[in-house]
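Trainee: Could you take me on a close look at one buried spot in this model, and then show me how the rest of the fold is arranged beyond it? I would like to follow the contacts one by one.

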Amino acid sequence: IPVIDLAPTVVESRWTARDRKQMERYDRLTRNVAKVYPYARLTGDLLREYEHDLAQIRKDNDQELYVKLAEAELRAEFEAEVKDLTVSQGKLLIKLIDRETGHTSYDLVKQLRGSFTAFVWQGMARIFGHDLRGTYDPVGDDHLVELIVQRIERGELAVAVRPARTT
């Protein structure tokens, strides 16, 4: 009798036939997370690199110049693609950046560009239904997002790897 060892699998829950709408929402959420997760991951990596470099720079003028160069790099990297995201994908991206960096998008803008700029961007985000101060809650509101991200990280869900285009 042949014996075959299978890889362990995690079963979160079972869907019933009555949960069709919920399943459709979950599928849509899965597609959206799969689309924006590579951006959040790359953004987290770049921001960690920027924080490390900023810690090495002593002069304020040099830090300001570095931040402007970093912003130009981020714009060149993501601007065209991020403009094509839907509102729900944008909200997910904000939450996933918080997950990757441990800081809200508002805090990141405030740290890198100042309080007034963060205030202006928060106001713009609120007009379009976003909240840059929104935090990622893997146990509460963002439980399904966390499950999807864990599936991506385990390799169960295929996601296109997005390498950085700028050096």
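Mentor: Happy to! Thr30 has a relative accessible area of 11%, so this residue counts as buried, the cut-off being under 20%. Keep in mind as we go that the model is predicted. Thr30 is part of helix 1, and a polar atom of its side chain lies 2.8 Å from the backbone oxygen of Tyr26. Leaving aside residues up to four places away in sequence, Thr30 touches Ile148 and Leu157.

Stay with helix 1, which covers residues 20-56, since the buried residues of helix 2 pack against it, and against helix 4 (105-113) as well. Those buried residues are Tyr66, Val67, Ala70, Glu73, Glu77, Phe78 and Glu81. Let's take Tyr66 from that list. The structure holds 1 aromatic pair, and Tyr66 forms it with Tyr50 in an edge-to-face arrangement, with 6.0 Å centre to centre and 80° between the planes. Because Tyr50 lies in helix 1 and Tyr66 in helix 2, the pair ties together parts that are 16 residues apart in sequence. Tyr50 is itself buried, as its relative accessible area is 3%.

Now go to Glu81, which also belongs to helix 2. With a relative accessible area of 17%, Glu81 is buried, and its side chain makes a polar contact of 3.2 Å with the side chain of Tyr39.

Helix 2 deserves a look as a whole. Residues 60-83 make up this helix, 24 residues in total, and at 1.5 Å a residue they should span 34 Å; the end C-alpha atoms are 32 Å apart, which agrees. There is nevertheless a kink of about 40° in helix 2, and its centre is Glu77. Glu77 is also one of the buried residues of this helix.

Next, a spot outside the helices. His130 sits in the loop that joins helix 5 (115-127) to helix 6 (143-154). It is buried too, because its relative accessible area is 15%. Setting aside residues up to four places away in sequence, His130 touches Val87, Gly90, Lys91, Ile94 and Ala125. Val87 is worth picking out of that group: His130 and Val87 are 43 residues apart in sequence, yet their C-alpha atoms are 8.0 Å apart in space. Elsewhere, the charged end of Arg133 sits over the ring of Tyr106, 4.1 Å from the ring centre.

Finally, step back to the whole protein chain. Its secondary structure comes to 6 helices and 0 strands, so from the N terminus on the elements simply read α-α-α-α-α-α. The C-alpha trace spans about 70 × 40 × 30 Å along its principal axes. Of the 167 residues, 35% count as buried, and Thr30, where we began, is a buried residue. Contacts between residues 24 or more positions apart account for 72% of those with a separation of 6 or more. As you look around the model again, the Tyr50 and Tyr66 pair is a good example of two helices tied together, while His130 and Val87 show a loop residue meeting a partner 43 residues apart in sequence.

Note on methods. Residues are numbered from 1 along each chain as its sequence is written. Side-chain values use heavy atoms; hydrogens and water are left out. Helices (H or I, at least four residues) and strands (E, at least two) are DSSP runs, numbered from the N terminus. The expected span of a helix is 1.5 Å times one less than its number of residues. The bend at a residue is the angle between axes fitted to the seven residues ending there and the seven starting there. Buried means under 20% relative accessible area, exposed over 50%, partly exposed in between (1.4 Å probe, protein chains only). Contact means heavy atoms within 4.5 Å. Rings of Phe, Tyr and Trp (its six-membered ring) pair if their centres lie within 6.5 Å; planes under 30 degrees apart count as stacked, over 60 as edge-to-face and the rest as tilted. A charge sits over a ring if NZ of Lys or CZ of Arg is within 6 Å of the ring centre and within 35 degrees of the ring normal. A polar contact is a pair of N or O atoms within 3.5 Å; within protein, one must be able to donate a hydrogen and the other to accept it, and residues adjacent in sequence count only if both atoms are side-chain atoms.
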